[in-house]
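Biologist: Could you take me closely through one part of this model, and then show me how that part sits within the rest of the chain?

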Amino acid sequence: MLLPVLFALGAALSNALATVLQRKAALTVPKSEGLRVGLILDLLRRPVWLAGIVAVITAGVCQAVALATGPITVVQPLFVLELPLALVIAAALLQGRLSRAGWLAVGTVVAGLGVVLFAASPEGNRTQVPMTHWIPAVAVCVAAVAALVVAALRRPEGRGRAACFGLATAISYAMTAALMKTSMHTLDDGGVTAFFTTWQTYGFALFGVCALFFLENAMQSGPLVASQPALTLGDACVSLALGITVYAEYVRTGWWLIPQILGAALIAAGVLALSRLPLARRLASEEKEQPEQGTAADAGTPAP
């Protein structure tokens, strides 16, 4: 279990770096009221965004190794560490620091994750999944994503729109991980030819591109306090559900559900607190129009 945990942590760290770089780039392009395909073309001309893509690729490699060697119910929940790591990286890049409240929130997320994983004690690592499991899982996830995108487009720019896009991103990320896991086992068993001839490979690529597109729109749609909790908690919850229903992985139930719920509550509280920090808002869309506000707060010092 050590190998998948280490690679999952490496993926979370790389994703955190990518998040900081991509958010900085996303705030330099024009906003739009709808889904704008040209958004990606604009971002391709930003070196910061391209550096973020390199970090995304690194994260993908680490995640692939983690999923190939461990259960999805262990690997994906570790990605809740992405937000704490992103804020630590952002503080370093912006020459600021996290306040005491920020570090307390980081500790709360870490403690909650530890409680959840200990109480759940996930087991199982099925290598192949029958189509009878894939068809309903993909259908439900695609329908949910479509409904969330429609709901987002019907809302004005703000928290509701950002939350819908954030949750659509979360579901897409979870499906990417689930499909990637099977593809990596196919690569291990059948080689490169089998990898490129299985539908799951193209499935996780498609869901991955959709997740990236929805993420960029979530960043521009509203505050981080709305999109990030939906993204972080949604990815973990959907991945847990897919691990249990698709891969037949096992988590402890009975009275063990009580500490699991308490741990999840700690994670939710920590993520919400982190997303409310001035440093987090500095990377979100509401800071683009008022860059002069919150700079001193982000650095952890009182405004003059």
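Modeller: A term is needed before the close look: a crossing of two helices is called left-handed if the near helix is turned anticlockwise from the far one by less than a right angle, and right-handed if the turn is clockwise. The model is predicted, and every value below should be read with that in mind.

The part I would choose is helix α9, which spans residues 199-221 and includes N217. The relative accessible area of N217 is 6%, and because buried means under 20%, N217 counts as buried. Its side chain does not lack a polar partner, for the side chain of N217 reaches the backbone oxygen of F213 at 2.8 Å.

From this residue we can turn to the packing of the helix against helix α7, which covers residues 131-153. The axes of α7 and α9 come within 13 Å and cross at roughly 15°; since angles under 35 degrees count as roughly parallel, α7 is therefore described as roughly parallel to α9. In the sense defined at the start, α7 passes α9 in a left-handed crossing. On the α7 side the contact is made by M131, W134, V138, V142, V145 and V149, while α9 contributes W199, Q200, F207 and F214. Sorted by character, the residues of this contact comprise nine nonpolar, one polar and no charged.

A second helix pair offers a useful companion view. Helix α6 (residues 100-120) and helix α11 (residues 257-275) have axes 7 Å apart and pack at an angle of about 155°, and since angles over 145 degrees count as roughly antiparallel, that is how α6 and α11 are described. The crossing in which α6 passes α11 is left-handed. Among the residues that make this contact are G102, A105, G112 and V116 of α6, together with G263, I267, G270 and L274 of α11. The contact of α6 with α11 divides into 15 nonpolar, six polar and no charged residues.

Both pairs belong to a protein chain that holds 13 helices and zero strands. Buried residues, N217 being one of them, make up 50% of the 304 residues in the chain. Finally, among contacts between residues at least 6 apart in sequence, 82% join residues at least 24 apart.

Key
Residues are numbered from 1 along each chain as its sequence is written. This is a predicted model: local features need pLDDT of at least 70, side-chain atom pairs count only at pLDDT 80 or more; totals for chains, interfaces and linings use all residues. Side-chain values use heavy atoms; hydrogens and water are left out. Helices (H or I, at least four residues) and strands (E, at least two) are DSSP runs, numbered from the N terminus. Buried means under 20% relative accessible area, exposed over 50%, partly exposed in between (1.4 Å probe, protein chains only). A polar contact is a pair of N or O atoms within 3.5 Å; within protein, one must be able to donate a hydrogen and the other to accept it, and residues adjacent in sequence count only if both atoms are side-chain atoms. Axes are lines fitted to C-alpha atoms, for helices over the stretch in contact, and angles run from 0 to 180 degrees between N-to-C directions. Angles under 35 degrees count as roughly parallel, over 145 as roughly antiparallel, 65 to 115 as roughly perpendicular and the rest as oblique. Contact means heavy atoms within 4.5 Å. Ala, Val, Leu, Ile, Met, Phe, Trp, Tyr, Cys and Pro count as nonpolar, Asp, Glu, Lys and Arg as charged, and the others, Gly among them, as polar.
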